[in-house]
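Biologist: I am new to this structure and would like a close look at a single part of it. Could you take me through the cysteines, and then through the strands that follow?

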Amino acid sequence: MSRVSRFTVVPCLPERIKQLQDIARNLWWCWDPEAVDLFFRVDRDLWIATNQNPIRVLSEVRQARLEALAQDDSFLAHLDRVSIKLARYMAGSHWREHNPDFPGDFSVAYFSAEFGLHESVCIYSGGLGVLAGDHLKAASDLGLPLVGVGLLYREGYFSQYLNAEGWQQETYPRNDFYNMCISQVKDGEGKHVVIEVEYPTRMVKAYVWKCQVGRVPLYLLDCDHEDNAPEDRAITGQLYGGDRETRIRQEVMLGQGGVIALRALGIRPTVFHMNEGHAAFLALQRIREMVLDTDLDFNQAAEIVKAGCWFTTHTPVPAGNDMFDPGLIEHYFRKYCQDTGISVGHLLSLGRQNPADNREAFCMTVLALKLSAGANGVSKLHGEVARNMWNLTWQGVPEDEVPIGSITNGIHSRSFISRDLSELFDRYLGPGWVNQPDDLSIWQRIDAVPDTELWRTHERRRDRLIAFARRRLHVQYANRGAPASELRVCNEVLDPEVLTIGFARRFATYKRATLILKDVERLKRIMLDPERPVQFIIAGKAHPQDTAGKQLIRDLLHFAREAECRHRFIFIEDYDINVARYMVQGVDCWLNTPRRPMEASGTSGMKASANGALNISIPDGWWCEAEYLGPNGWSIGKGENYDSIEEQDEVESQAFYDLLEQEIVPLFYDRGTDGLPRGWVRSMKSAIRTIGPVFNTYRMVQDYTDAAYLPCARRGLALAADAGKRGAALADWKQRVRSAWDHVGVADITSGPTENLPVGSHLAVTAQVHLGELSHEDVSVELYYGDLDPHGQIPRGEVNVMTCKGSGENNMALFEGVVPCKKTGQLGFTVRVLPSHPDLAEKHETCLIKWAE
């Protein structure tokens, strides 16, 4: 084909309504109901047909309609209200005034492989992306100085449809960036900003785009550049597509390319937040830049970079953590090692739990853990699971002391609470539920909402969910060429008066979507009870390469197609944010059946509870924290351990059926003379009151700010000051300690009498510690004491720091301390030695520890 020149066409909006374009370009509109209504008024049918994409609506609406709107006083008044509201929102941040203790140049860069902001911006696959999107929205609401960094996928994640046999099929519609809520980032000459990232034997170019998320800019890299080779243009082709080589190319672009892009834009964050291990290469890029721009070596630069990095792990399943063959890492980072003056072996050690094991794969999670000042799981239980998963990174450190904490996920409430319920909250809770959603006192006001109003509001949402489900089912059947008789059935499935249970999530096998089918006949009896029926709405996608996950979908679909079940059990194809909103806003109960403890957090149940739905869940992830807050749902079991997964599935499926028959169904159908299920409504209010103020991203981002961002910013700036002098000194000290550590040890322990000590007394302990070439100021000697297990070990102890009383020959130091006798029974104690330095982020940072032998 001959050379093709490109040009761009934009909507021709009448002058009076040109503000529509500005509003459409800021995704703030998607969590402001009045702004959503504004675009709905432009063209209702087009709004639905374009997947609620305002850019496409303005591009495709008839010009005559635009001219008419420019003359419509009611629409213009609506437009002016929204325009003023957006302007006030953008100018209304007082974060720095309210946080004077933060450094003046404080800012955060939040890196994620996916962002789920709205269904019209298809660069997400599921919960990780939606959580990242909600993080940006909450940061915007708070006014937190934060920027997002990700990849702009030409085909995004796949669209799902099911064939006649029930097998999932995938299609990959191409994203039209010019008709999405994103824009080109231009340089001073008006040209699209392009960065270059070094790959083996070549430089790969990437365009920089921006998605404005309220006050927060999200920068996205697009490798579909004309100068790139086809395989490089495919780097940002599909989210989670391709082989291991594709994955490492994507993660190089995300991590290293993201840092390069921020530098090109003149953005210098003080804190870098890695949302999952996909972005861990960002730390390596920052180290390279520091080594090339200063006189610091790799280790010295790494100390400074590490101080300003934070890592969040989301994956309690080992297979979900990216691992790369050492040869692949060497191929992509040989030149990097030359630039930074380290060996390939040194680099590989950063991605291994055991640096000495040359057979161990290179793990992105381990790299992120080693190059971050701190890390967290996304629920309290997940923090425990993560400490167990990665404890070998800190050899010899007790599992409960492994430095991985937890910050429980939340949701951006305004993005998922229904319009109907929002209006109810506005009337009875006041504006505080929007401006201060973590204020418990505001949510207490839910009790003032009349039961009738809350129930009728919920019934309307259930009606809309049923209508939506019927429409989607009709389209699904029509696309498969179903006869007219089957299409008519689609208009009759489900009943707006029946107890409705929703289940929607990624179809991984550990999520056990088919647990409800364990006893099909019992389930049918429950569903088809003539007096108190139950119905299910299911949705979700399996990864294209997950055949076992696809089989789960097939099993559910076959059950749904049985003649007696099809009116009470349906599967909605192509699960996305839009489907999720309808479901969490309309169901009565939200079902969650993971195999504990494999659910890191889960946020769909939070969204349902915020709308008054009651959870039915295995006690896993976030639900372990929520179930004890009040009567807001039901737990399937108590988190018991089982000898086999078959036994677990059998016991927990029967427990689910028991809950339905004995508690859930009776409570729902227990109606007063006015037709209201007042007991159910009380539980709805309890769910809103207990879950609303706790499990939201406003609280979550505040937790990250206090526990991660501020400490990282302060420490990072301190270590980088004076050309990195303090950071370099810390790196040199660590190297000196590592070199001398083999000669450190506890030589002898003595104590006072150990029998029949009264409660409240103290046991005096003395330890002789050989320090080798170190001084007593380089170490912390600690008493570790507590209950004994059957093997005579201390599984979870307490610590008292011992005091140095002097040194003798051969640098043998004397340390003294006491063990408090707090309880009766047989206990134990021992002594351990750790490196100690005032600039360490936490005491196990060096991964060095010596126990008395």
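Biologist: Which cysteine sulfur is closest to the sulfur of Cys 363, and why is there no bond between the two?

Modeller: Please keep in mind that this is a predicted model. The closest cysteine sulfur to that of Cys 363 belongs to Cys 847, and because the two are 14 Å apart, they are too far from each other for a bond. Cys 363 is itself buried, with a relative accessible area of 1%. A similar account can be given for Cys 490, which is buried with a relative accessible area of 1%, and whose sulfur lies 16 Å from the closest cysteine sulfur, that of Cys 565, again too far for a bond. When the whole structure is searched, zero disulfides are found.

Turning to the strands, there is an open sheet of four, arranged in the order S24-S23-S27-S28 with antiparallel pairing. Strand S24 (798-801) and strand S28 (850-851) stand at the edges with a single partner strand each, so one side of each has no neighbour in the sheet. Strand S23, covering residues 779-787, runs antiparallel to S24 and is joined to S24 by four bridges; Leu 783, for instance, has Asn 800 in S24 as its bridge partner.

Another antiparallel pair is made by strand S25 (residues 803-807) and strand S26 (residues 812-820), again over four bridges, with Ser 807 standing opposite Ala 813 in S26. S25 and S26 form a hairpin with four residues between them, and in the turn Asn 810 has a positive phi of about 55°.

Conventions
Residues numbered from 1 in each chain as written. Predicted model: local features only at pLDDT ≥ 70, side-chain atom pairs only at ≥ 80, totals over all residues. Heavy atoms only, no water. Pairing = 2+ DSSP bridges. Helix = DSSP H or I, 4+ residues; strand = E, 2+ residues; numbered from the N terminus. Disulfide = S-S within 2.5 Å. Buried < 20%, exposed > 50% of the residue type's maximum accessible area, 1.4 Å probe, protein only.
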